[in-house]
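Got the viewer open? Let's take a walk through this model, one selection at a time.

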Amino acid sequence: LGRTDSRNACRRTMAVRRALSAASALLLLAPSLAATPRTWDVQIAPGVRMPYVSLGHPDDNSSVAEGVAMWLSLGGVGLDTAWSYRNQRQVSLGVALAGKTLDDVFITTKIPCAGSAAGALAFVR
């Protein structure tokens with residue numbers, strides 16, 4: 001393998017390890033949470049429930065799709081990302097690879113610091 005191929009392989013391995021680590025945490029919590037309904041998430045607004053555990057992923061697009069697909073296929077729902085990562089297509093691909101739709105996932109994201117609430121709202125709009 002060339003140096004770039006080796007780095008990409010390493011990044012993919014690390015992403016898979018992160019997904020497996022998050023999935024392991026989810027599975028370890030399962031027995032204690034299974035007895036109590038709706039303990040995998042918390043209501044943050046009327047009719048809006050946010051999962052307690054979300055998958056974060058690298059911002060270098062090295063293996064985002066694979067990690068997202070694995071996480072969702074293992075029962076994960078939450079995905080944590082940021083606009084500045086510029087990996088929206090990879091996240092979308094991972095959702096599709098898992099056979100899910102955006103209605104099946106809960107995505108949290110971050111927006112750039114704009115110096116003020118007005119600046120942040122301007123960015124979103």
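Start by selecting L55, V64, V68, W71, L72, L79, V91, V95 and V105: these nine residues are the largest nonpolar core. Keep in mind as you look around that this is a predicted model. Now colour the core by element: α2 and α3, which covers 88-97, each supply at least two of its residues. Which helix gives the most to this core? That's α2, with four residues.

**Stop two: helix α2**

Select residues 64-73 to bring up α2. Is this helix mostly covered or not? Mostly covered: seven of its 10 residues are buried. To see which ones, highlight V64, A65, G67, V68, A69, W71 and L72. Here is a handy thing to know when you look at any helix. An α-helix has 3.6 residues a turn, so residues three or four places apart point the same way. Just past α2, click on G75, which follows the helix and has a positive phi, near 105°.

**Stop three: the hairpin**

Next, select residues 41-45 for strand β1 and residues 48-51 for strand β2. The two run antiparallel, and four bridges join them. Want to check the pairing yourself? Click on D41 and look across to β2, where P51 stands opposite. Then try V42: its bridge partner in β2 is M50. Together β1 and β2 form a hairpin, with two residues between the strands. Click on G47 in the turn, and you have found a residue with a positive phi of about 80°.

**Stop four: T108**

Keep M50 on screen and add T108, which lies in strand β5. In sequence, T108 and M50 are 58 residues apart, yet from C-alpha to C-alpha they are 8.9 Å apart in space. What else does T108 touch? Leaving aside neighbours within four places in sequence, T108 is in contact with M50, L79, D80 and T81. You met L79 earlier, as one of the core residues. Is T108 buried or exposed? Neither: its relative accessible area is 22%, so T108 counts as partly exposed, since buried means under 20% and exposed means over 50%.

**Stop five: a patch on the surface**

Switch on the surface and select W83, I111, F123 and V124. These residues make a nonpolar surface patch of about 380 Å². Zoom in on I111, in the loop between β5 (106-108) and α4 (117-124). With a relative accessible area of 39%, I111 is partly exposed.

**Last stop: the whole chain**

Zoom out and show everything as a cartoon. You should be able to pick out four helices and five strands. Trace the chain from the N terminus and the elements run α-β-β-β-α-β-α-β-α. How much of the chain is buried? Buried residues make up 27% of its 125 residues. The chain exposes about 8100 Å², and 59% of that comes from carbon and sulfur atoms. Finally, look at who touches whom: of the contacts with a separation of 6 or more, 63% are between residues 24 or more positions apart. The pair T108 and M50, in contact and 58 residues apart in sequence, is one you have already seen.

Key
Residues numbered from 1 in each chain as written. Predicted model: local features only at pLDDT ≥ 70, side-chain atom pairs only at ≥ 80, totals over all residues. Heavy atoms only, no water. Buried < 20%, exposed > 50% of the residue type's maximum accessible area, 1.4 Å probe, protein only. Pairing = 2+ DSSP bridges. Core = buried A, V, L, I, M, F, W, Y, C linked by side-chain atoms within 4.5 Å. Patch = residues over 30% accessible without salt bridge, like charges linked within 9 Å, V, L, I, M, F, W, Y side chains within 5 Å. Areas by Shrake-Rupley, 256 points an atom, 1.4 Å probe, with all protein chains shown as cover. Salt bridge = Lys/Arg side-chain N within 4 Å of Asp/Glu carboxyl O. Contact = heavy atoms within 4.5 Å.
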